[in-house]
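Visitor: I should like to take a close look at one part of this protein. Could you please guide me through the salt bridges, step by step?

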Amino acid sequence: MTRSNLVGGELLNWSDLHPGDGRPAVSGPAAAALLSATLKPDHTVLLAGPHAADLVALVASQVASVDLVVRSAPDAEELAELLELSKGEVFCGSIDRFAVDEKTGSGYDVVVALDGLERLVGPDTTGFSWADSLQRLVGLLSPGGTVLLGAANAFGFERLVQPEIGAALPRDEDWGRDVGDRAPAGFKRVLVAVEGAGLTVAQTYAVFPSLVQAEVALTEVDGFAAVVAARAVASRNAGPVLMDPYRVVMDAADAGLAFELAPAWYVVVGAEAPPVLPEDVVPGGEGVLLEEHLMLALRCDDQAELRRVIPSYVAWLRTGGAGSPDNVIVDGGSYRLFGAAQELDVVEHLRRFAVRVLESGCRQPWPAAADPQALTARLAAMAGITVPEQEFSPDEVIRPRGSAEQLRTIARLADELADASARAILFEGTVSGIRRSRPYRIGHAVLNPARVIRRRLKRVLTKVRR
């Protein structure tokens with residue numbers, strides 16, 4: 001006996017909720033916020049594909065009824081037990097076996113597939129493309145209904161900051177499929193495919209840091225929203241990377257490319273939702289992140305701007321401000337926190353900024369400092385603060401985050417070393433020329449006997465005193 005309805009094509013020994021070698025089911029606060037913003041108490045909902053248990057429970061608590069279609073038999077049993085007291089059914093199998101007449105009535109008010117369409121079928125299903133899956137879901141939708149669709153980006157930020165090894169080391173779920181079964185690549189192609197299914201897109205979101213762990217979803221990735229997205233991507237890529245993830249996202253946002261390079265997207269049909277999910281993750285108001293302003297001044301060698309802003313920032317810290325430059329918004333001459341307060345002293349705030357500068361491989365208007373102590377001392381001196389010298393330790397050396405930043409730092413150090421070597425050669429040549437000059441030789445001939453007499457008199461006086 002099973003609690004779920006078997007429709008065919010089910011996976012008996014596989015789990016998308018608890019995968020051994022695969023990506024987990026979709027979850028995250030952004031996904032929960034989108035569902036809360038679009039679902040209404042009188043809706044009938046179809047959840048298609050793997051969604052985390054907390055999202056399933058959230059939907060069941062907000063709507064009149066919810067049905068589930070999942071391909072994994074163990075998942076279907078687990079979710080059927082979770083929904084035992086809710087109105088709805090769990091269907092186990094591939095979406096191509098789930099006929100329209102499986103559910104009586106005129107269709108569902110809302111069809112939710114935030115995990116995408118790739119995991120709606122198993123290896124027993126062949127020749128059933130991404131577009132076919134979308135058409136099948138559209139056939140289950142009532143006229144004027146709502147569709148919440150997720151789509152992963154095949155060429156997002158992770159392709160830029162992490163080496164692509166999936167092709168060489170496929171996961172268990174990457175079983176062979178037909179050539180035409182691939183999902184559309186790129187945001188524009190996803191929109192074309194959705195509109196080709198007869199749907200009118202109402203809103204789109206860029207999802208960070210991934211489709212299965214949606215921390216934040218944004219309709220526009222610029223300004224403070226870009227900072228939030230960059231932090232999400234950087235937190236997901238904490239290990240060795242090809243390029244600094246934070247800087248890659250920020251630079252892409254400056255170029256207007258961050259939305260297209262997002263790890264995933266949400267496509268909303270037939271409903272409106274807030275521009276930011278969750279709503280409180282992006283601060284409002286004007287201004288710019290202080291860290292970005294200072295790094296721009298560093299890259300431009302604008303020491304005048306550094307000497308103007310840093311004393312003003314230090315004065316704000318001394319009046320009760322509690323935020324490092326990566327957590328402070330500057331608007332003209334005023335400062336405010338970006339997030340939670342940081343209980344550090346002035347020098348520690350400056351040191352935190354120095355560490356982030358060195359990690360990003362940012363250009364500096366001074367000779368390269370390998371340790372944060374030297375850079376902190378330079379920054380503090382602009383505000384009239386003297387940082388005591390500490391014994392240098394190799395552990396204090398901050399290495400740039402990405403391989404590209406490391407190569408840039410090596411090139412800069414090599415250039416500075418070449419300049420120092422050229423100056424040393426020039427100085428040595430100047431000293432050698434002075435020693436060969438006539439005035440130097442005459443002076444040496446005159447002064448040398450005097451030095452000899454002075455040394456001898458000094459020895460004689462020493463003996464007399466004894």
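Guide: What follows is an account of the salt bridges and of the places where they are found. Please keep in mind that the model is predicted. As a general principle, side chains of opposite charge can pair when their charged atoms come close. A search of the whole structure finds 12 salt bridges, and three pairs will serve here as examples.

Let us begin with R23 and D115, which form a salt bridge with their closest N and O atoms 3.6 Å apart. R23 belongs to the loop between β1 (5–8) and α1 (29–38), whereas D115 belongs to the loop between β5 (108–113) and α4 (130–139), so the pair ties together parts that are 92 residues apart in sequence. Is R23 buried or exposed? Buried means under 20% relative accessible area; R23 has a relative accessibility of 19% and therefore counts as buried. D115 has a relative accessible area of 0%, so D115 is buried as well.

The second pair is R247 with E292, whose closest N and O atoms are 2.8 Å apart in a salt bridge. Here the partners lie in helices: R247 in α8 (residues 245–254) and E292 in α9 (residues 290–299), so this pair ties together parts that are 45 residues apart in sequence. Both R247 and E292 are buried.

The third pair joins the side chains of R363 and D301 in a salt bridge, with a distance of 2.8 Å from N to O. R363 is found in the loop between α11 (346–360) and α12 (372–382), and D301 in the loop between α9 and α10, so the contact ties together parts that are 62 residues apart in sequence. What is the relative accessible area of R363? The value is 46%, and R363 is therefore partly exposed. D301, at 32% relative accessibility, also counts as partly exposed.

Finally, we may return to R23 and D115, since these residues belong to a network: salt bridges that share partners join D16, R23, R71, D115 and R119. Just after R71 in the numbering comes S72, which caps the N-terminal end of helix α3 (residues 73–82). In this cap, a side-chain oxygen of S72 lies 3.3 Å from the backbone nitrogen of D75. D75 is itself one of the buried residues of α3, together with A73, A76, L79 and A80. These residues cover an arc of only 150° around the axis, which puts them on the same side of α3. What covers them includes α2 (53–62), β3 (65–70) and β4 (90–93).

Methods
Residues numbered from 1 in each chain as written. Predicted model: local features only at pLDDT ≥ 70, side-chain atom pairs only at ≥ 80, totals over all residues. Heavy atoms only, no water. Buried < 20%, exposed > 50% of the residue type's maximum accessible area, 1.4 Å probe, protein only. Helix = DSSP H or I, 4+ residues; strand = E, 2+ residues; numbered from the N terminus. Arc of directions from axis to C-beta. Contact = heavy atoms within 4.5 Å. Polar contact = N/O pair within 3.5 Å; in protein donor to acceptor, adjacent residues only side chain to side chain. Salt bridge = Lys/Arg side-chain N within 4 Å of Asp/Glu carboxyl O.
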